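Reader: I am new to this structure, and I would like to understand how its descriptive terms are justified. Could you take me through them with care?

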Amino acid sequence: MTPALATVLDALAHPFSQGLMQRALLEVLLLAAVGGTLGCWIVLGGLSYGAESLAHGMFPGLVLAALAGVPLLLGGAAGILVAALAVALAGRVRGIGRDDAVAVAVTTLFGLGALLALSPATPVGIQGLLFGDVLGTTSADLLAGAALVAVVLLAMWLAHQRLLAAGFDRSGARALGISPFAVDALLLTLLALAVLVAVQGLGNLLVVAVLVAPAAAARLVTRRLAPMMALAVALGAVAGIGGLYLSYYARIAAGASIAGLLVAGYLLARLAAVTSQVRKGSATAAG
Amino acid sequence: MTADRAGGGEDARVAAGRRTCARVGGSDSTGPARQALLTAEKLAVGYEKAAPVLNDVTFALEPGERIAVLGPNGGGKTTLFRALLGELRPAHGTLALAGRCASVPQTERSRLDFPVSALDVALMGTIPGRPWWRRPSRADRVAARAALARVGLADRAERTYGELSGGQRQRVLIARALVQEARVLLLDEPFSGLDATSAARLEALLAELAGEGRGVLIATHDLEQARRWDRVLCVNGRQIAFGEPATALTHDVLAATYGGAIVTLPGEDPGAPHHAIMPPHHHHHDHAPPR
């Protein structure tokens, strides 16, 4: 082995010699797995706004959990339930559009969370709730996260055909014995679980990045669902690991680095899609 | 994800006021040699508690028959199909099915930007026959490929659905219905937007499928086409007429079916004037592909 190569390998391996970074690595891989796969259904089903709303709407739950010293997962779950209920109730108010209702409910909840967070009894780590604390992942967090991710992946695997049929032709799905309403409910439930897992690593404000960006990027360059999911997971993993290196060597916040790389990945895919279209277009013009 | 069966099984009993999936005519029946695939008697269908939007429908579909379903938009064609598929319950009358119904929707209802292959779409036809926890088996895949081959698309199985031509997409959806082992196919304006070659090919396929003993109901606005098939069913809020095209498609029937939208063209034979329907206004589909 040449000394140069040894130096590079050492630089690559060194950050992960610590338990803290090893746990962070596992956490970002979990997020890549659930974000890349579920993200495809979110992007195809036009649920990106729903993902964002759930993530923000759960904020008071997270703050209350932090104040009370109970596990964030618990507070997050309660927060998501309240957010979903608030959105459903707001949507029933006459004379207000669905998107507007969601926006009002979510902003109210987020403001409430901020109010709680800025109270005199402010606990440490409010910043972690907003921007995530992937380096603070504990073994218990990892275990709970892995269990939830497993549930989401299994549900998606079993429901694959029905999700596909309902997404492909919503009005025709009923004739195949599929209830579009049940499909929506399943996707939203899985989305809530995924947000719950991802909020630990990326925080309230950045969680949407891992659920939307890799799938949106993969969609631009693939034309079948299986490769789209595989590519989205790979993109999520690369951005996650890259973000950890960036944070280790450049001393940037890990969550922000990961989110930044995810968005950069999307922009690259966009560029690739545009150039291939231009090339195709010029080939057609020449032929 | 409900486990509701689509179409119908073949074992339920006939009961008044309900849609049933039953063998029509028992062993003691002295009726026609060929058992009807579908029988509707004084059928009325509507939505929820509102008054039925389609009344008094009485017709039978025999194996091997192609029936054109004529009527204006909003006249009840889609409602009738939804009742046959079991999505709507009859408000009055009876509906008896001797085999599974499968729908072949308009191709533009589906999302053309969706990342599915022709094979993926055909494979969706195996969903009704499978419990929710079971993934498609090898046999399911074989059936889906066989159905694609049956409609002449064996070499297009791996193509992206949205990149196929309109006629090919329509045939993929027919393959999906065949995978459901449907004996009755319900086609919703399958010829709209097709060029002459694709339309001829589709019409030949429908003739073949009918020839195999299936029953085919085709919602259409094309009178000339309807005249070539076995029966016509004219609906406009209620049944206007049912019978062989030559006798059923009178000027009065067409006027009652389409209201003012009908014009009479001078034909070469003064005894058989041509009727034509003003081009229908196409309703907007919210599943049209974006961008």
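Author: Let us begin with a pair of strands: strand 9 (residues 231-235) and strand 10 (residues 239-243) of chain B pair in the antiparallel sense over four bridges. This is a predicted model, in which local features need pLDDT of at least 70 and side-chain atom pairs count only at pLDDT 80 or more, while totals for chains, interfaces and linings use all residues. Residues are numbered from 1 along each chain as its sequence is written, and chains are lettered from A and ligands numbered from 1 in the order in which they are written.

Reader: What makes strand 9 and strand 10 of chain B a pair?

Author: Strands are DSSP runs of E of at least two residues, and helices are runs of H or I of at least four, both numbered from the N terminus. Two strands pair if DSSP finds at least two bridges between them, and strand 9 and strand 10 of chain B have four bridges. Within this pairing, B:V232 stands opposite B:G243. The two strands form a hairpin with three residues between them, and B:G237 in the turn has a positive phi of about 80°.

Reader: Which sheet does strand 10 of chain B belong to, and why is strand 10 called an edge strand?

Author: The sheet is open, has six strands in the order 6-7-8-4-9-10 (chain B), and shows mixed pairing. Strand 6 (101-104) and strand 10 of chain B are its edge strands, since each pairs on one side only. From one strand to the next the twist averages 15°. On its other side, strand 9 of chain B pairs with strand 4 (residues 66-70) of chain B in the parallel sense over four bridges, where B:L70 has B:C234 as its bridge partner.

Reader: Which helices lie across strand 6 of chain B?

Author: Helix 1 (residues 77-84) of chain B lies across several strands, including strand 6, and runs at about 150° to strand 7 (184-188) of chain B. Helix 4 (residues 166-179) of chain B lies across strand 6 and strand 7, running at about 165° to strand 6.

Reader: How do you know that helix 8 and helix 10 of chain A are roughly antiparallel?

Author: Two packed helices are described by the angle between their axes and the distance between the axes. Axes are lines fitted to C-alpha atoms, for helices over the stretch in contact, and angles run from 0 to 180 degrees between N-to-C directions. Angles under 35 degrees count as roughly parallel, over 145 as roughly antiparallel, 65 to 115 as roughly perpendicular and the rest as oblique. Helix 8 (residues 139-168) and helix 10 of chain A pack at about 155°, with their axes 10 Å apart, and they are therefore roughly antiparallel to each other. Their contact has 17 nonpolar, two polar and two charged residues (Ala, Val, Leu, Ile, Met, Phe, Trp, Tyr, Cys and Pro count as nonpolar, Asp, Glu, Lys and Arg as charged, and the others, Gly among them, as polar).

Reader: Why is helix 2 of chain A called roughly parallel to helix 8 of chain A?

Author: The axes of helix 2 (residues 19-44) and helix 8 of chain A come within 10 Å and cross at roughly 20°, which makes these two helices of chain A roughly parallel. Their contact includes A:L26, A:L30 and A:W41 of helix 2 and A:V149 and A:M156 of helix 8, where residues are in contact if their C-beta atoms, placed from the backbone, lie within 7 Å. By class, this contact of helix 2 with helix 8 has 14 nonpolar, four polar and two charged residues.

Reader: What makes helix 10 and helix 11 of chain A oblique?

Author: The axes of helix 10 (residues 180-221) and helix 11 (residues 225-250) of chain A come within 8 Å and cross at roughly 130°, and the two helices are therefore oblique to each other. Among the residues making the contact are A:P214 and A:A218 of helix 10 and A:L231 and A:L235 of helix 11.

Reader: How do you know that chain A is as compact as a globular protein of its length?

Author: Chain A comes to twelve helices and zero strands. The radius of gyration is taken over C-alpha atoms, and the globule rule is 2.2 Å times the number of residues to the power 0.38. For chain A the radius of gyration is 20 Å, close to the 19 Å that the rule gives for 287 residues, so chain A is as compact as a globular protein of that length.

Reader: How many residues of chain B are in contact with chain A?

Author: There are 26 residues of chain B in contact with 27 residues of chain A, and the chain B side has 14 nonpolar, six polar and six charged residues.

Definitions and conventions
Contact = placed C-beta atoms within 7 Å.
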